[in-house]
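Student: I am new to this structure and would like a close look at one part of it, the sheet, followed outward to whatever lies around it. Could you take me through it slowly?

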Protein chains: 2
Amino acid sequence: MKAQAISNEYLTEALRGAEVRPSTARVHVLKYLLEQRNHPTIDQIYRALRETLPSLSRTSVYNTVGALQQAGLVRALTMEGNEMRYDAFTEDHGHFKCERCGAILDFDADLSAIGAAGIKGSVVTKRDVLLWGLCPACAK
Amino acid sequence: MKAQAISNEYLTEALRGAEVRPSTARVHVLKYLLEQRNHPTIDQIYRALRETLPSLSRTSVYNTVGALQQAGLVRALTMEGNEMRYDAFTEDHGHFKCERCGAILDFDADLSAIGAAGIKGSVVTKRDVLLWGLCPACAK
DNA sequence: ATAATAAATGTAACGATTACAAATATTATA
DNA sequence: TATAATATTTGTAATCGTTACATTTATTAT
């Protein structure tokens, strides 16, 4: 899957639309998440962006991702106890983690259908469907 | 939901059946998980069991839960980045976390149905469906 | 009984995340 | 344009859950 380039105009607009100021770090982090769609850890984002933003700090990545999360532009997911991962792809989908190569892949899933049969009287605001196993490449 | 008492005979049999020696710590941890069904953290297990097992150490809880996990008697889940939780209830079900009171509730869900529509050629070995929101009590 | 093995303990190390104060950049106001 | 006010970023230190490891204790086999 080739990374799809996303224009700065689109990014700044997305940020402004979510009422987040389009600072350099925010634009770059959002761009990275939208282009790569690889559900990276904070450290992966940090290492990747440091090449073009040499002054970037790990803390800034935490802050930035936190701001994007609060603005609803990014979602966190945890498939393995210690490592938190981030996703800016907002269409309904589930997550598959390959336990051999570690990759996290998206798959189509109608999340909105879940929860109706859930706990009576509860209000559901967030959903996720998680699968673990071997990805097609590793299954062979 | 009242805690259902589980006999030591049942526990030791369950452990032996999974080829895990029924040591004191293992019996108590498994008993706790099966009776409470509250998806506790390691620390919650530790604090609860320390009352009856004063010599219990946090490390032992880690070791014990790890052994039970490897034996397939316990499953881990993470609904909030930092805190890992454990579940010895093996029937198919999803997990709902109340973001106000923090409780994690089970709900019926046919997990085996998921994954078929997943990634072509992948092998799925573990599944979970996660919901977040407000539990019935907190929703009011 | 004794030796061999497994389990439990406690301390130290580790790694991801958060807290916080200082520095820098951005925006608003004069 | 200067200046003040505010927001963002940085870097270091603290925190917290987890893991590593060596020692002690308990269990099993001889």
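Tutor: Two strands are said to pair if DSSP finds at least two bridges between them. With that in mind, and remembering that this is a predicted model, we can start inside chain B, where strand 3 (residues 93-98) and strand 5 (residues 123-134) run parallel and are joined by 4 bridges. One residue pair to look for here is Cys98(B), whose bridge partner in strand 5 of chain B is Gly133(B).

What does strand 5 of chain B pair with in chain A, and in which sense, parallel or antiparallel? Its partner is strand 5 of chain A, and these two strands run antiparallel, with 11 bridges between them. To find a place in this pairing, look for Leu134(A), which stands opposite Val123(B) in strand 5 of chain B.

We can now step back to the whole sheet, which is open, has 6 strands with mixed pairing, and follows the order 4(A)-3(A)-5(A)-5(B)-3(B)-4(B). Why is one side of strand 4 of chain A, and of strand 4 (104-108) of chain B, left without a neighbour in the sheet? These two strands stand at the edges and have a single partner strand each, so there is no further strand on the other side. Going from one strand to the next, the twist averages 30 degrees.

From the edge strand of chain A the chain leads on into a loop, and Ser112(A) is found there, between strand 4 (104-108) and strand 5 (123-134) of chain A. Is Ser112(A) buried or exposed? A residue counts as exposed if 12 or fewer other C-beta atoms lie within 10 Å of its own, and Ser112(A) is exposed because it has 10 of them within 10 Å. Although Ser112(A) and Arg127(A) are 15 residues apart along the chain, their C-alpha atoms are separated by 7.8 Å.

The sheet belongs to a wider meeting of the two chains, in which 31 residues of chain A are in contact with 31 residues of chain B. On the side of chain A that touches chain B, the elements that give two or more residues are strand 1 (75-80), strand 4, strand 5 and helix 5 (136-139). Which of them gives the largest share? Strand 5 of chain A does, with 12 residues. By kind, the residues on this side of chain A divide into 18 nonpolar, 8 polar and 5 charged.

Moving outward from the sheet, we come to the DNA. Around DNA strand D there are 22 residues, and the closest are Ser23(A), Ala25(A), Thr59(A), Ser60(A) and Met84(B). The elements that supply two or more residues to this surface are helix 2 (24-36) and helix 4 (58-70) of chain A, along with helix 4 (58-70) and strand 2 (83-87) of chain B. Helix 4 of chain A makes the largest contribution, 4 residues, and the surface as a whole divides into 5 nonpolar, 12 polar and 5 charged residues.

For DNA strand C, 21 residues lie around it, and those that come nearest are Met84(A), Ser23(B), Ala25(B), Ser55(B) and Ser60(B). Here helix 4 and strand 2 (83-87) of chain A, together with helix 2 and helix 4 of chain B, each give at least two residues. The largest share, 4 residues, comes from helix 4 of chain B, and the residues of this surface are 5 nonpolar, 12 polar and 4 charged.

Helix 2 of chain B has a further contact worth following, since it packs against helix 1 of chain B at an angle of about 110 degrees, with the axes 10 Å apart. The two helices are therefore roughly perpendicular to each other. Helix 1 of chain B brings Asn8(B), Leu11(B), Thr12(B), Ala14(B) and Leu15(B) to this contact, while helix 2 of chain B brings Arg26(B), Val27(B), Leu30(B) and Lys31(B). Of the residues in the contact, 5 are nonpolar, 2 polar and 2 charged.

The loop between helix 1 (8-17) and helix 2 (24-36) of chain B holds Glu19(B), which has a positive phi near 60 degrees even though it is not a glycine. Glu19(B) is exposed because it has 9 other C-beta atoms within 10 Å. In chain A, Glu19(A) lies in the loop between helix 1 (8-17) and helix 2, and its phi is also positive, at about 60 degrees.

Conventions: Residues numbered from 1 in each chain as written. Chains lettered and ligands numbered in written order. Predicted model: local features only at pLDDT ≥ 70, side-chain atom pairs only at ≥ 80, totals over all residues. Near = placed C-beta within 6 Å. Nonpolar A, V, L, I, M, F, W, Y, C, P; charged D, E, K, R; others polar. Buried ≥ 20, exposed ≤ 12 C-beta atoms within 10 Å, placed from the backbone. Axes fitted to C-alpha atoms, helices over the stretch in contact; angles between N-to-C directions. Contact = placed C-beta atoms within 7 Å. Parallel < 35°, antiparallel > 145°, perpendicular 65-115°, else oblique.
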